[in-house]
There are 2 protein chains.
Amino acid sequence: MCAAAPAERPLRRDAERNRLRILEAAHAAFAEGGLEVSMDDIARRAGVGVGTVYRRFPKRELLIEALFEQRLEEIVVLAARMLEHDDPWDGIADFVESFTAIQVEDRGMRDLLLSTAHAERRVERTRDRITPMVEELVRRAQASGALRPDVVGTDVALVHFMLGALGDYTREVQPEAWRRFVGLVLDGLRDRRDAPSPLAGAPLDAEQLDAVMRCWRP
Amino acid sequence: MCAAAPAERPLRRDAERNRLRILEAAHAAFAEGGLEVSMDDIARRAGVGVGTVYRRFPKRELLIEALFEQRLEEIVVLAARMLEHDDPWDGIADFVESFTAIQVEDRGMRDLLLSTAHAERRVERTRDRITPMVEELVRRAQASGALRPDVVGTDVALVHFMLGALGDYTREVQPEAWRRFVGLVLDGLRDRRDAPSPLAGAPLDAEQLDAVMRCWRP
DNA sequence: AGTCAACCGGAGAGCGCGCTCCGTTTGATG
DNA sequence: CATCAAACGGAGCGCGCTCTCCGGTTGACT
């Protein structure tokens, strides 16, 4: 009809339905298995052929971007909120704990935030927005005397990685096990302290540790 | 000739030469890439066909066992030596640091010690010998008042995992970066302390962190 | 109702992996 | 030197993965 309709036409109803199914399935699959689950898996979960997945998201990266666009924004908001704590130490502590929680709840987020293997640009931009906030968190907490003066912003990122890795390792056996180690690491980050702050939850027993090692593959 | 020669005959000279080459190649390959490098890789490194590798080591596990038999013994010796420190805290500290160093130097050792995906029995036996020593280390360090009283043996294993993961992450960019975090975690493990103990080495700068994220795949 | 572009599913090409099989080569032995 | 079990290498099978292609189907629009 009208020759000039270059803008995006809405999807056909079935196509839109499938698009949503795929996003939902991909979310679940990524959360459980990380960003490297197979496209077949996602298609199967969505009750759809692989062809359909590829038609809507011709590259894996596009699927990832569509899924995580808003979740990345949440991270930025989270970091910003950490700057509003009255006690700057609480800002750091809350940040480390919340960020680790996110990683444990969703393996996909972990892969996305700590690697640049997928979805390069978008993630990079997010990181660029978070970095200065983390540095400000560190600066304030050091000024208040609570955070040891010899750590810097990049150390915080590596702490996140460390704790996220631990969360990954123990997830299947004791989903809350990582919280103990957040406490431990935070005690290491304090400038000086008397008694150690109590650790959250119970330690793994020998059998649980065995189970962890048994089901983890490198 | 003599009918009853059931014992193992020595290998032909070329076969023995190849066996050694394969072990050497596998050692290098595992150290760099972990226990899941492809058999083709190992064969190529050894300058040998895959068939030859499989002839000598019909299952991957056998190759791993042959390679790590004595290295596992070294770990036991290491743990035992930690009990000889005059100050029990030094025992813990040295153990955490040495064990992490081993993991960073050899990715294969890391996979072997922290997972049960390969070489089940042998590793399990080794772990069974190490566990009580670690528990004794913990007990003594706690009795001396240096180690916080709320950690247990299994926590130490998870600390090893955490630091090993970090070593893995940063290895390519800054092979010594993990040492900072050993210091950090050890400060978290102390019962009480004044000034934080100085961290080893320089922190990563922003570009190095970027490089780490860029080359890591989950 | 009829038309047709958009959409669907899944077969299959291409790839790298673990592992096997077999025609050829080599070193030990008399 | 002749013999032959032992060892060699790599082609090849089966598998699971990514991504493409195409014959059949379906929803939007007249």
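Colleague: How do the residues of the surface near DNA strand D divide into nonpolar, polar and charged?

Modeller: Good place to start, and keep in mind that this is a predicted model. The surface near DNA strand D has eight nonpolar, six polar and 10 charged residues.

Colleague: Which residues come nearest to DNA strand D?

Modeller: There are 24 residues around the strand, and A:Met39, A:Arg60, B:Arg12, B:Asn18 and B:Thr52 come nearest. Of the atoms of DNA strand D that come within 4 Å of the protein, 68% belong to sugar and phosphate.

Colleague: Which elements supply at least two residues each of the surface near DNA strand D?

Modeller: From chain A they are α1 (13–33), α2 (39–46) and α3 (50–56), and from chain B they are α1 (13–33) and α3 (50–56). The largest share, five residues, comes from α3(B).

Colleague: Let's go down to atoms. Where does the side chain of B:Arg12 meet DNA strand D?

Modeller: At a base: an N or O atom of the B:Arg12 side chain is 2.8 Å from a base nitrogen of DNA strand D. Now look at the phosphates. An N or O atom in the side chain of B:Thr52 is 2.4 Å from a phosphate oxygen of that strand, while B:Gly49 places a polar backbone atom 3.1 Å from a phosphate oxygen.

Colleague: Now for the other strand. How many residues surround DNA strand C, and which are the closest?

Modeller: DNA strand C is surrounded by 22 residues, the closest being A:Arg12, A:Asn18, A:Gly51, A:Thr52 and B:Arg60. Here sugar and phosphate make up 69% of the strand's atoms that come within 4 Å of the protein. By class, the surface near DNA strand C holds seven nonpolar, six polar and nine charged residues.

Colleague: Which polar side-chain atoms lie by DNA strand C, and what do they face?

Modeller: A:Arg12 has a polar side-chain atom 2.7 Å from a base nitrogen of DNA strand C. At the phosphates, a polar side-chain atom of A:Thr52 lies 2.2 Å from an oxygen, and one of B:Tyr54 lies 3.2 Å from an oxygen. As for elements, α1 and α3 of chain A and α1 of chain B each supply at least two residues of this surface, with α3(A) giving the largest share, five residues.

Colleague: What is the secondary structure of chain A?

Modeller: Chain A comes to 10 helices and zero strands. Its C-alpha atoms fill a box of roughly 75 × 45 × 25 Å along the principal axes.

Colleague: How should I read the interface, and what area is buried between chain A and chain B?

Modeller: The general idea first: the size of an interface is often given as the accessible area lost when the parts come together. In this model, about 4700 Å² is buried between chain A and chain B, and carbon and sulfur atoms give 64% of that area. A:Leu158, A:Met162 and A:Met213 supply 13% of what chain A buries against chain B, more than any other three residues. Counted as contacts, 55 residues of chain A meet 55 residues of chain B.

Colleague: And pockets? How much space lies in the largest pocket?

Modeller: Rolling a probe the size of a water molecule over the atoms shows where empty space is left. The largest pocket here has about 970 Å³ of space. Its lining has 36 residues, with A:Trp216, A:Arg217, A:Pro218, B:Trp216 and B:Pro218 nearest its centre. The elements that give two or more residues to this lining are α1, α6 (107–114) and α8 (153–170) of chain A and α1, α6 (107–114) and α8 (153–170) of chain B.

Colleague: How do the lining residues divide by class?

Modeller: The lining of the largest pocket has 14 nonpolar, four polar and 18 charged residues.

Conventions
Residues are numbered from 1 along each chain as its sequence is written. Chains are lettered from A and ligands numbered from 1 in the order in which they are written. This is a predicted model: local features need pLDDT of at least 70, side-chain atom pairs count only at pLDDT 80 or more; totals for chains, interfaces and linings use all residues. Side-chain values use heavy atoms; hydrogens and water are left out. A residue is near a molecule or strand if one of its heavy atoms lies within 4 Å of it. A polar contact is a pair of N or O atoms within 3.5 Å; within protein, one must be able to donate a hydrogen and the other to accept it, and residues adjacent in sequence count only if both atoms are side-chain atoms. Helices (H or I, at least four residues) and strands (E, at least two) are DSSP runs, numbered from the N terminus. Ala, Val, Leu, Ile, Met, Phe, Trp, Tyr, Cys and Pro count as nonpolar, Asp, Glu, Lys and Arg as charged, and the others, Gly among them, as polar. On a 1 Å grid over the protein atoms alone, a cavity is a set of points where a 1.4 Å probe fits but cannot get out, and a pocket is an open set with protein on both sides within 12 Å along at least five of seven lines; lining residues have an atom within 4 Å of a point. Grid points are joined across faces, edges and corners, and a volume is the space filled by probe spheres set on the points. Contact means heavy atoms within 4.5 Å. Buried area is the accessible area (1.4 Å probe) that two parts lose on being put together, summed over both.
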